[in-house]
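Visitor: Please take me through one part of this model at close range, beginning with the way its backbone pairs and turns, and then set that part in the context of the chain and of the assembly around it.

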2 protein chains.
Amino acid sequence: MLDITNYIKKELSNQEFCGGNYGKSEAPKELSPEAKKDIVAKIKPILTPETIVLAQVDPIVGDIEYNFNKAKKYIEWANELKVGAIAFPELFLLGYPVFDIIDRYPKLVEKNIEYLEKLAKCTGKTKVLVGFCEFNRFYIGKRYFNSVAVLSNKKIETIIRKTLLPVYSEFSDARYFQSAEFDSSERIIQIGKNRVGVIICEENWSDKDFFDHPVYSFDPVDKIIKEQKPDLIINCSSSPTRAKKEQLLHNMLSFVSKKYSTPIAYVNQVGAVDNITFQGASRLYDCDGKIVARAKSFEEQFFIVHPPVKCPNREDINRVYALPDGLEKTLNSQKAFSLDYEPDLERTYLTITSSIRDYFHKNGFKRAVLGVSGGLDSSVTCVLLADALGPENIFAISMPSSITSEASKSDAKELCDNLGVNFAQIPILNMFKTSRDTLDEVFKKVETKWCDRFEASLTNDNIQARSRATILWGIANEFPKAMPIATSDKSELYMGYATINGDMSGGFAPIADVTKTKLFALARWLNRNRLSRNAIPEAILTKPPGAELAIDPKTGKPLLAEDALMPYEFLDEVIWRLENLHQSKEEMLSETFLYETKHNTQKATKIAWLDKFFRRMQTALFKWSIMPPAPIVDARSINKTEYNQPITSKLKFY
Amino acid sequence: MLDITNYIKKELSNQEFCGGNYGKSEAPKELSPEAKKDIVAKIKPILTPETIVLAQVDPIVGDIEYNFNKAKKYIEWANELKVGAIAFPELFLLGYPVFDIIDRYPKLVEKNIEYLEKLAKCTGKTKVLVGFCEFNRFYIGKRYFNSVAVLSNKKIETIIRKTLLPVYSEFSDARYFQSAEFDSSERIIQIGKNRVGVIICEENWSDKDFFDHPVYSFDPVDKIIKEQKPDLIINCSSSPTRAKKEQLLHNMLSFVSKKYSTPIAYVNQVGAVDNITFQGASRLYDCDGKIVARAKSFEEQFFIVHPPVKCPNREDINRVYALPDGLEKTLNSQKAFSLDYEPDLERTYLTITSSIRDYFHKNGFKRAVLGVSGGLDSSVTCVLLADALGPENIFAISMPSSITSEASKSDAKELCDNLGVNFAQIPILNMFKTSRDTLDEVFKKVETKWCDRFEASLTNDNIQARSRATILWGIANEFPKAMPIATSDKSELYMGYATINGDMSGGFAPIADVTKTKLFALARWLNRNRLSRNAIPEAILTKPPGAELAIDPKTGKPLLAEDALMPYEFLDEVIWRLENLHQSKEEMLSETFLYETKHNTQKATKIAWLDKFFRRMQTALFKWSIMPPAPIVDARSINKTEYNQPITSKLKFY
C-alpha cells in the first residue's frame, strides 16, 4: 500500500498524529509536485478497475462547502489514479452526527443536494459513493432519508437509502430519517468486473447468527447476498469509537464476511463532534473473514484497497495498519471487573486528544486554561491538553488556598515545567475571605427567617472551587480563543463529588468518562509512551487522591477522597457492574468484588458503600445534566449524548 | 359530574390549585366519612356498567410502590362505585417519561410487573386499564413493550402493546420499546354492554385525512374501527403540554371521533418531570366530534364519564371543565407572529408553577433562593416561585454592584414586600473588588505569555454575575432543601446573553422557554389575575430591560439590552420564525416583520440584526447544553429534552 494521505491532508487540515511516540508535534512533510508524480507513476501500474479507495475523512457538520471541497480533492486523486471507485462515509456531505439541525434548518438539506449535484459534475469513470441527506418526497414518514449517492461520468447514477435506523445509546437516526423500502437489486453497482452491494452503517449490524438478540427483524446483508450474490459488500459508515467497540466491530465484520464468503470493505470517518469521536480504521475483510487491509486510526487517510475476489492479493495495496496498541487483546467480551486497563489506554489517549483538538479547532478556540492542583485529575488533563493543543496554548494555574499543601504546589509546578506549559500560581486566600465574609452577612440575614441552618456545611469547600472557576473563566473573558477546562473524572461524577460552578465547570471535560483507577493507569501509560518520559511526577501517582477543600477532623489533615467516598477500586467496580451488567444493589451484595479478594471487608461496610453509592448517584443526576461536553470513552457511560435519566425520579434501586 | 377527586387527593398528595384567583395557597377541604358516604349514595344511582372513570393521576418515575398505592386507592373507589372501568395513563405503574432507566435498571421492570400482579389482585368486576412496562420475550427487537394491562376479577385479562412509538421532539419511545405486532381483535374489551377498543397515546396520531404528512404508514384506530366496529375508543396517554398543543389535540380527537362516528375517551396524566409537564384535561368526545366531558387541567382528578353511545346523556356525569382561560381561542394554527400572548398565559402560568412545584417537591426540596435585580426576568420568576412554593419558602436577594441604580434596588424590595417573600440586600462590592484584584494579578502573569489580551472584555460584567451566583449557591449549601434559581429568559438564551456560572446557573430555570415580549405580557397577566393585584411594580413593567452589568459609553448610563442586542420585538419574531417556520436568514430578509410595520427600519439594520442573531446563536449553543432543567412552554423550544444540535457545527444559515 502506498499511502498518499499526508499530501492531501496537508492541504485540507493541519491535524497530524506522530505515531508511536506521543507528545511531540511535528508538521507533516509536504510532498513536492515531483514526489507526487513519482507516487502516481509508481502506484498506477498495480491499480485495476476493481481497486477501491476508502476515503477516511473528517467532515464538519453543516459546513457543506468544506465537506464538498474535501471530497472534490479526494475524487480528483482517485480519478488521476483511475481506480474503480472511491467510497466516503455515511452522511459525509452534510456531516455526521446531524442531530436535530435538519429539522430546524431544511435549507441545509437543500444545500447538500445542490452540492451533491456539483460533486457529480466532478466525476469521471471512477465511481464515487458519498453519504448525503435526501428529502423524503413520499407522502408518509419522516422528512428525510439517510442516503448514499453513487456518482460517475458527471451524473448521479443511483441512490441507496438506509433501512435500519439506530435509536439507542448515542444514535438517534429514526428521529429524522425514514426507513426506506428495500429492494436488493437497487443495492448493486458495478465496479470493474465486480458486482458490489452497497450498505450503510447499521445495515451490517443485524446478523441473526451473530447477535444473541438482534434489534431488527430484517437483515439487508442477508437479503443482498442471497438475492444478488455480489462479489463484494461496501459499507459506508460513521461509527463512533468507545471501549470494546473495535473488538465487537471486528468480530461482527469478520463473522459476516466469512459466513457469506463475501469480502466486506468498510469505510469510517475520523474526527470528533462534541461527545462523539470517530476512529476511522477503515478496513477490508476477505471471504474467510480475515482482515486484509486496515487504515490508521484517528487520522484522515486516502486508503487504497484491492478486493481479494478474483485477483491476486497485492501486498503493497492491502496494507494493515496496526490499531492503537493492544486493541487486539480485547477481542473477548469482558466477564469480570479488571484493573488491567492496558489494552485500551492508547485508544483512550487518542480518543481524548482527538476530541479536544476537534472541539477546540472546529469551534474557533486554540487555548486551554485549567487549574492544576497537583492531583491526578488535573495532571492527566494537563498532559492531554498539552498533547492535543501544544504546550504553548495551555495556561495551568495553581490556585492554592489555606488548605493546599506545599507538596501539591510544587508537584503542580514540576508537572507544568516537564510539559512546557505556561504556569502561574495565584493564591485565592483573598477571594475566599471576602466571599466568606459576604456570605456570613448573607447567612445572618437568611437565618432570621430560615432558622434550621446546617451545623456543618460544604460552603467553605465550594467557595474555594468556585473562586478558582471564576479565575479560569475570567482568563477566558480576557484572552482570545481561550477555554476553561473541567477536570472532573467519572468516578467522582457518579458520586456527585464535584462542585457546580467549580471544578465541574468548563468548556470541555476531557476525562469525565474515565474512572479513577483507569486514570492512574493512563497516567503511568503517559509517563512511558510520551517522547518526554515521566512528565507526571511520581509523587502525583503515589499520593492518595483528595480535593484539598476541607480538613478531616479525625486526622487534622486534608480530607482524603477515599475516606469521604469509598475505596476507588470498589467504587469503580460498582460503576462497571452497573453500566455493563445492569446489576442491582442486591445482586452486587451477593457477588464478590475484586477489592474484597484483596482486603478484608465487613458485610456491613459493603452495604454502607453500596447504599452511599446509590444514594449519592441519585442526587448527582442534576450535575450530570449540566456537565460540559465530554468525550465518550468507556463501553458505557453517563454522557448526556448516550445516557438520559429523569432527575425527578425515585428508583429505589431494587 | 360529581367530583370526588379532592378527597382522594388529600390522602395522596398535598398539591392543590385554587382555581381562578391565583397566588393564594389554600388547603383542600377534606371530606368527612359522612360526606364521602353521601357522595357515594348520591352518585351511585346514576352510574351504569358502562360508566368509566378517567384516573387523571400524577405518578413518580421509578417509585412503583407509590404509583401502585395511588392506583389502588383509585381502584377501591371505582369498585365501591361499581363503575364499568377505570383507565389510568400510559406507563403509569412505572412512571412516564422513563428515558434510559429501564435499560440500565431492568429490576425496575421486574418490580413493575410484580406490582401489576399485586394490582390485579385488588380488582373486582370493575375493569382496570393500567399502563406498565413489559419485557419483550420474543427473540428479536428492543427489550421492552410499552403496554396497557386490562385487569379484572383478580386477574390480568389481557395485555395491549403500543405499536406507534414516537421519536421526535421530547419523545424517544423507540429507544426502549419494540413496536408490537398488531391484531385488532386483541384490542377489544367489554365494558358493560359496550365493546371498547383500547389504544395507547401516539396510536391516535396517525390519521391520513387529518395530517398533511403522517409520520406512520399504519393507523391503528382505522384498523380497529373498520375491523371491530367498537362502541367506544379509550386512549391511555401521557402527553406533555406546550403552546398550541391543546388546539391540535382537540382538533385531532374531534376529527377522528367524528370521522368514524365513534366516541373517544382520552385519559392523560398530570404533574411534571424535569422539563416536561403534563396537563391532564382528560376528556370524552361523542360520535359527532363534540367534547362532552373534560377534566380540569394540571390537577389530579377522579373523573367520571359516561360514554354517550346507547345511553342518555347525563349532564351530571359528563361535566366539561373549562380549560385554562383562552386556550379555545388558539384553535387555528398561527400564521404570523403576534404579540397577543393572552390566550396562552394562564396555561403558561400553570405549566411553570406546576413544573417548579413538582421539581422541588418530588426531589426533596422546598425552598428557592434567587437574585432579584428589579428587572423583569427575576421579578416574574419570583412571582412564579412564590405561587408554586409559598412566599415563606422563597429568599430573594438583592445584590447591588456599583452599577445598580437606586430604582432597581427599591423596585426589587417593593416586589418582595408585595409578594411576602423573604428579602435581603447584600452589596457585592467587596467580592467584586477582590475578584477583580486577583484577576488583575492573574492577567498580568498570563499576559507575559499570551500577549494579545483583549482591549475591552466582559470580565467585569461576568464577575458581578458570578459573585451573585456564588452567594445563591452558598445559601443552598448552608440551609436545608434550598435551591438557587436561574432567571435567564428564552430571548436572551438565544443570544447567549447570559453568564455561565452567573445568572444562567441554578437548580432550575423557570422562564428559559419564555421570550421577553411574552414575559412582559405574563407579568401584566399576573398583576391582573393574582388575588393580590399588581404585585409587580409598574416601574418594572415600563423600564427598558438591561442587565446593569456595564455602563454604555455612549450614554454614561447602564447598557440597555436592546442596544446590546436588538429590539426584543424583532428578536422574538426571528425566534418564532426560526422555530415554527424554519426560515433561513434569506427568507427572513425578504419578509416583513411586525416590528417593521411600526418602525422605520433600514434594510442594512435588519441585515445587521439577523447577522448578529445567527452569529450569536451559534456561539450560544454551548450555553444551551449546560442549562439547568427548564419547563418546555412554547410550541417549539431549545430545551435540551426537545432540541439537540451539535455545538461543533458550522451551519452558515443558508
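Guide: Two strands are said to pair here if DSSP finds at least two bridges between them, and strands themselves are DSSP runs of E with at least two residues, numbered from the N terminus. The model is a predicted one, and every value that follows is to be read in that light.

With that criterion in hand, consider chain B, where strand 4 (residues 144-152) and strand 5 (residues 155-161) run antiparallel and are joined by 6 bridges. Within this pairing, V150(B) has T158(B) as its bridge partner in strand 5 of chain B. The hairpin formed by strand 4 and strand 5 of chain B has 2 residues between the strands, and N153(B) takes a positive phi near 45° there.

The corresponding part of chain A can be described in its own right. Strand 4 (residues 144-152) and strand 5 (residues 155-161) of chain A pair in the antiparallel sense over 6 bridges, and here V148(A) may be picked out, whose bridge partner in strand 5 of chain A is I160(A). In the hairpin of strand 4 and strand 5 of chain A, with 2 residues between the strands, N153(A) has a positive phi near 45°.

Further along chain B, another residue deserves attention for its backbone. S169(B) is not a glycine, although its phi is positive at about 45°, and its place is in the loop between strand 6 (167-168) and strand 7 (171-172) of chain B. Since 18 other C-beta atoms lie within 10 Å of S169(B), this residue is partly exposed.

Before the hairpin in sequence, the loop between strand 2 and helix 4 of chain B holds F99(B), a residue other than glycine with a positive phi near 50°. F99(B) counts as buried, because it has 20 C-beta neighbours inside 10 Å, and the cut-off for a buried residue is 20 or more. P97(B) is found in the loop between strand 2 (85-87) and helix 4 (101-104) of chain B, and the peptide bond that joins Y96(B) and P97(B) is cis, with omega about 0°. In chain A the peptide bond from Y96(A) to P97(A) is cis, with omega near 5°, and P97(A) is placed in the loop between strand 2 (85-87) and helix 4 (101-104) of that chain.

A point elsewhere in chain B gives some sense of distance. K445(B) belongs to helix 11 (residues 429-447) of chain B, and it counts as partly exposed because it has 17 C-beta neighbours inside 10 Å. Between the C-alpha atoms of K445(B) and M566(B), which are 121 residues apart along the chain, the separation is 37 Å.

The wider setting is best drawn from chain A, whose secondary structure comes to 21 helices and 20 strands. Its radius of gyration is 27 Å, close to the 26 Å that the globule rule gives for 654 residues, so chain A is as compact as a globular protein of that length. The C-alpha trace of chain A spans about 80 × 55 × 50 Å along its principal axes, and buried residues make up 57% of the 654 residues. Among the contacts in chain A that link residues at least 6 apart in sequence, 72% join residues at least 24 apart.

The domain assignment of chain A gives domain 1 (48-324) and domain 2 (342-625), and the C-alpha centres of these two domains lie 39 Å apart. The contact between them takes 10 residues from domain 1 of chain A and 10 residues from domain 2 of chain A; on the side of domain 1 of chain A that touches domain 2, the residues are 5 nonpolar, 4 polar and 1 charged.

Turning to the assembly, a rotation of 180° with 0.0 Å of shift along its axis superposes chain B on chain A, with an RMSD of 0.0 Å. The two copies are therefore related as by a two-fold rotation axis. In chain B the C-alpha nearest the axis is that of I626(B), 2.1 Å from it, and the same surface serves both copies, since 100% of the contact residues of chain B recur in chain A. The contact between the chains takes 94 residues from chain B and 94 residues from chain A, and the side of chain B that touches chain A has, by class, 47 nonpolar, 26 polar and 21 charged residues.

Note on methods. Residues numbered from 1 in each chain as written. Chains lettered and ligands numbered in written order. Predicted model: local features only at pLDDT ≥ 70, side-chain atom pairs only at ≥ 80, totals over all residues. Contact = placed C-beta atoms within 7 Å. Nonpolar A, V, L, I, M, F, W, Y, C, P; charged D, E, K, R; others polar. Least-squares fit on C-alpha atoms with pLDDT ≥ 70 in both. Helix = DSSP H or I, 4+ residues; strand = E, 2+ residues; numbered from the N terminus. Rg over C-alpha atoms; globule rule 2.2 N^0.38 Å. Buried ≥ 20, exposed ≤ 12 C-beta atoms within 10 Å, placed from the backbone. Domains from an automatic or database assignment.
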